[in-house]
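Me: I would like to learn how to read a fold from its strands, core and rings. Can we work through one example?

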Amino acid sequence: MKQNSKKYIPYIWLDDETGHPIMMNERCTIIFSETLSTLRLSLYKIIGEGSEMLLRLIGRDMGKKYAQLVLKQYPELSEVSEQTRIYELCSIILRNTGFGQIEILELDTELPSMRAIIRDAPSGLGVKSLPPVYNLEAGMLCGILEEIFNMEMFVAEYRFNESEENYELTITKVE
């Protein structure tokens, strides 16, 4: 018999007065995951190949904003090491809010750089006509790192591993 793998997310509430979902004391919007893949497809229809870079830039700004909101809500994170802060932010922002599963393979806080794997990301769902790349989520990781290191970061390498159905990427600082 399959066990229930669902769990309660402790920092999401519904404001009965306004009807708005609240996450970490900030108003949020709950959308279906495939909505983000629809956004990706719509941008591709209008812009073409450049839409992936646009998604990465949008993701970067989202990641920075998410990081700011999380650090505001959990000020104790500013007192832990950069490495711990990055792991916590990636867990809270990506995994716990539905932007996919992340596995950090390498993290160098001196360079700085990060090599990671993203799985099951919403921007790749349901778009059979486009290669399964997760530029929105990759951009979010860049934004998180930019917020922590206070420097511009970029995706230096990326590839989709079809056999594992994951997206491996390397993020490093802009020289």
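Reply: We will go through the sheet, the core, one buried acid and the aromatic rings. Keep in mind that this is a predicted model.

Me: Start with the sheet. What is the strand order, and how do the strands pair?

Reply: The general idea is to list the strands as they lie side by side, then look at their directions. Here the sheet is open and has 4 strands, in the order 4-5-7-6. The pairing is antiparallel.

Me: Which strands are at the edges?

Reply: An edge strand pairs on one side only. In this sheet those are strand 4 and strand 6, the latter spanning residues 153-161. From one strand to the next, the twist averages 20°.

Me: How many bridges join strand 4 to strand 5?

Reply: There are 7, and the two strands run antiparallel. A hairpin of 4 residues makes the connection between strand 4 and strand 5. For register, take glutamate 103: its bridge partner in strand 5 is isoleucine 117.

Me: And what joins strand 5 to strand 7?

Reply: Again an antiparallel pairing, with 7 bridges between strand 5 (residues 113-119) and strand 7 (residues 166-173). Methionine 114 has isoleucine 171 of strand 7 as its bridge partner.

Me: Which helix lies across strand 4 and strand 5?

Reply: Helix 3 does, and it runs at about 165° to strand 4.

Me: Now the core. Which residues have the most contacts inside the largest nonpolar core?

Reply: Count the members, then look for the hubs. This core has 41 residues. Its hubs by contacts are Ile86, Ile93, Met114, Leu141, Leu169 and Ile171. So Met114 and Ile171, bridge partners across strand 5 and strand 7, reappear here.Me: Which element gives the largest share of this core?

Reply: Helix 4, with 9 residues. Other elements that give two or more residues include helix 1 (34-47), helix 2, helix 3 and strand 6. Leucine 141 shows how a hub is wired. Beyond its sequence neighbours within four places, leucine 141 touches Cys90, Leu94, Ile102, Met114, Ile118, Leu169 and Ile171.

Me: Glutamate 146 is in helix 4. Is glutamate 146 buried or exposed?

Reply: Compare its accessibility with the cut-off of 20%. Glutamate 146 has 8% relative accessibility, so it counts as buried. Then list its surroundings. Leaving out neighbours within four places in sequence, its contacts are Arg60, Lys64, Met151, Glu152 and Met153.

Me: Last topic, the rings. How many aromatic pairs are there?

Reply: The count is 4. For each pair, read the distance between centres, then the angle between planes. Tyrosine 66 and phenylalanine 99 are edge-to-face, at 6.1 Å centre to centre and 75° between the planes. This pair links distant parts of the chain, 33 residues apart. Tyrosine 66 is in helix 2 (residues 51-73), while phenylalanine 99 is in the loop between helix 3 and strand 4. Both residues are buried.

Me: Why is the pair of tyrosine 158 and tyrosine 167 called tilted?

Reply: Tilted covers the angles between stacked, under 30 degrees, and edge-to-face, over 60. The planes of tyrosine 158 and tyrosine 167 are at 40°, so this pair is tilted, with ring centres 5.9 Å apart. Tyrosine 158 is partly exposed at 46% relative accessible area, whereas tyrosine 167 is buried at 0%.

Me: What else involves tyrosine 158?

Reply: Two things to read together. Ring pairs link tyrosine 158 with Tyr134, Phe160 and Tyr167 into a cluster. The charged end of arginine 56 also sits over the ring of tyrosine 158, 5.0 Å from its centre.

Technical notes
Residues are numbered from 1 along each chain as its sequence is written. This is a predicted model: local features need pLDDT of at least 70, side-chain atom pairs count only at pLDDT 80 or more; totals for chains, interfaces and linings use all residues. Side-chain values use heavy atoms; hydrogens and water are left out. Rings of Phe, Tyr and Trp (its six-membered ring) pair if their centres lie within 6.5 Å; planes under 30 degrees apart count as stacked, over 60 as edge-to-face and the rest as tilted. Buried means under 20% relative accessible area, exposed over 50%, partly exposed in between (1.4 Å probe, protein chains only). A charge sits over a ring if NZ of Lys or CZ of Arg is within 6 Å of the ring centre and within 35 degrees of the ring normal. Two strands pair if DSSP finds at least two bridges between them. Axes are lines fitted to C-alpha atoms, for helices over the stretch in contact, and angles run from 0 to 180 degrees between N-to-C directions. Contact means heavy atoms within 4.5 Å. A nonpolar core is a set of buried Ala, Val, Leu, Ile, Met, Phe, Trp, Tyr and Cys residues joined through side-chain atoms within 4.5 Å.
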